[in-house]
Amino acid sequence: MRTILITGPGGSGRTTVSAATALDAAREGARTLLLSADRTDSPGTALGSATGPAPTEVTANLTVWRPDAADRFRQDLTTFQTRAANVLDLLGAARLDAEEVTPLPGAEELSFLRALRDAALSERYDLLVVDLPPLSQAIPLLALAEELRRYLRRLLPPERQAARALRPVLGRLAGVPMPADWLYETAARWDVELAAVEAVLTDRNTSVRLVAQPGPAGANAIRAARLGLALRGLRTETLIANRVLPDVESDSWLSGLLAEQRKALADWQEQPCDVRTVPHLGRDPQGTDDLAALAVPAVNPAPVPVEWPVTDRIAADGVLVWHIPLPGATRDDLELIRRGDELVLGAAAFRRIVPLPSALRRCTVAGAGLEEGELRIRFAPDPGLWPRTR
């Protein structure tokens with residue numbers, strides 16, 4: 001399945017563009033699912049047909065789904081209470097009824113990620129268009145699965161399960177209860193689910209479209225977003241300049257706005273991603289005819305995957321070089337820390353902890369530089385760990 005993630009600054013019209021993208025693909029014959037994180041029925045308003053928590057077919061080949069985070073959270077909590085019944089009874093805890101449960105912070109994001117996984121694994125669709133939240137929420141959301149998996153592996157290492165038969169003995173020796181099997185089983189199940197979400201986001205058929213209104217605020221938001229997405233290994237395939245005014249001369253207040261748009265568009269055209277414009281209709285688009293009039297770019301059937309290659313420069317310079325594309329980054333933005341077999345990468349307000357490729361784990365960091373929007377980290381082989389040759 002082809003997956004397109006669409007986001008942008010708040011108020012940029014990302015939901016309308018998502019609906020127009022999904023509608024255009026459906027009219028071309030692709031079985032399309034529009035998955036929206038919007039709490040209100042903005043997709044339904046744009047399409048002219050109400051949508052809800054159950055997948056709804058709005059036109060031929062086009063289904064829209066807005067998952068209900070509260071209902072999913074109630075189901076998960078009920079399942080957890082059932083699995084942990086013995087512990088809760090031992091503690092004398094009073095169980096919560098489904099009717100009194102309200103979602104906790106973070107529950108909505110997890111529910112949406114699981115819905116994204118379910119949609120991507122479905123064989124009913126050819127294309128998944130994901131209407132993400134605004135940029136300030138979307139980038140942390142895209143990082144959530146990977147970060148939670150890392151926390152789980154640190155707190156409940158899978159290899160500790162090998163000592164399952166010894167836990168009663170260890171518990172008596174230590175004088176404290178050891179983690180029960182259900183805890184490891186739950187952690188393993190969560191790890192599998194999060195790994196499936198991560199696989200969707202990192203799949204070579206997944207790409208990102210950014211939507212913004214051309215202007216100073218939109219330009220700043222897009223610059224930061226491209227850097228944050230690149231740090232997650234996600235390529236910005238298309239930058240959609242939304243609500244572009246017609247190119248006509250005017251002495252009214254529109255002339256200043258038009259000049260701002262022209263300047264922003266000129267700057268964006270110099271970026272390495274594909275820039276497309278969507279016209280301002282003079283009104284909020286409502287209905288399939290208005291969405292068709294936006295003429296959003298068609299879906300690229302063969303996206304270019306993101307690569308973080310390691311090049312062998314041992315013969316020439318005595319180092320291996322890890323190439324990490326970070327478009328828009330400056331030297332002052334970057335932070336680089338080696339922690340065992342992991343690398344802490346910081347770029348402006350974003351941070352990611354990534355495992356080192358196997359060949360680089362036997363090396364020491366020899367330096368780093370930023371060239372042409374790419375971070376190049378040099379690794380020198382450690383003589384004590386690197387295989388010797390005759």
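Here is a quick look at a hairpin, a four-stranded sheet and one helix.

This is a predicted model, so local features need pLDDT of at least 70 and side-chain atom pairs count only at pLDDT 80 or more, while totals for chains, interfaces and linings use all residues. Residues are numbered from 1 along each chain as its sequence is written, and side-chain values use heavy atoms, with hydrogens and water left out.

Helices (H or I, at least four residues) and strands (E, at least two) are DSSP runs, numbered from the N terminus. Two strands count as paired if DSSP finds at least two bridges between them. Two antiparallel pairs go side by side here:

| Strand pair | Bridges | Facing residues |
|---|---|---|
| strand 3 (residues 56–59) and strand 4 (residues 62–65) | three | T59 opposite L62 |
| strand 9 (310–313) and strand 10 (residues 319–325) | four | T311 opposite V321 |

Strands 3 and 4 make a hairpin with two residues between them, and N61 in that turn has a positive phi of about 70°.

Strand 9 also belongs to an open sheet of four strands, ordered 9-10-15-14 with antiparallel pairing. Strand 9 and strand 14 (363–371) are its edges, each pairing on one side only. On average, neighbouring strands in this sheet are turned by 25° against each other, direction ignored (axes are lines fitted to C-alpha atoms, for helices over the stretch in contact, with angles from 0 to 180 degrees between N-to-C directions).

Then there's helix 5 (residues 107–121): at 1.5 Å a residue, its 15 residues should span 21 Å, and the end C-alpha atoms are indeed 21 Å apart. That expected span is 1.5 Å times one less than the number of residues. Buried residues (under 20% relative accessible area, 1.4 Å probe, protein chains only) in helix 5 include A107, F112, L116 and A120.

Terms used
Buried < 20%, exposed > 50% of the residue type's maximum accessible area, 1.4 Å probe, protein only.
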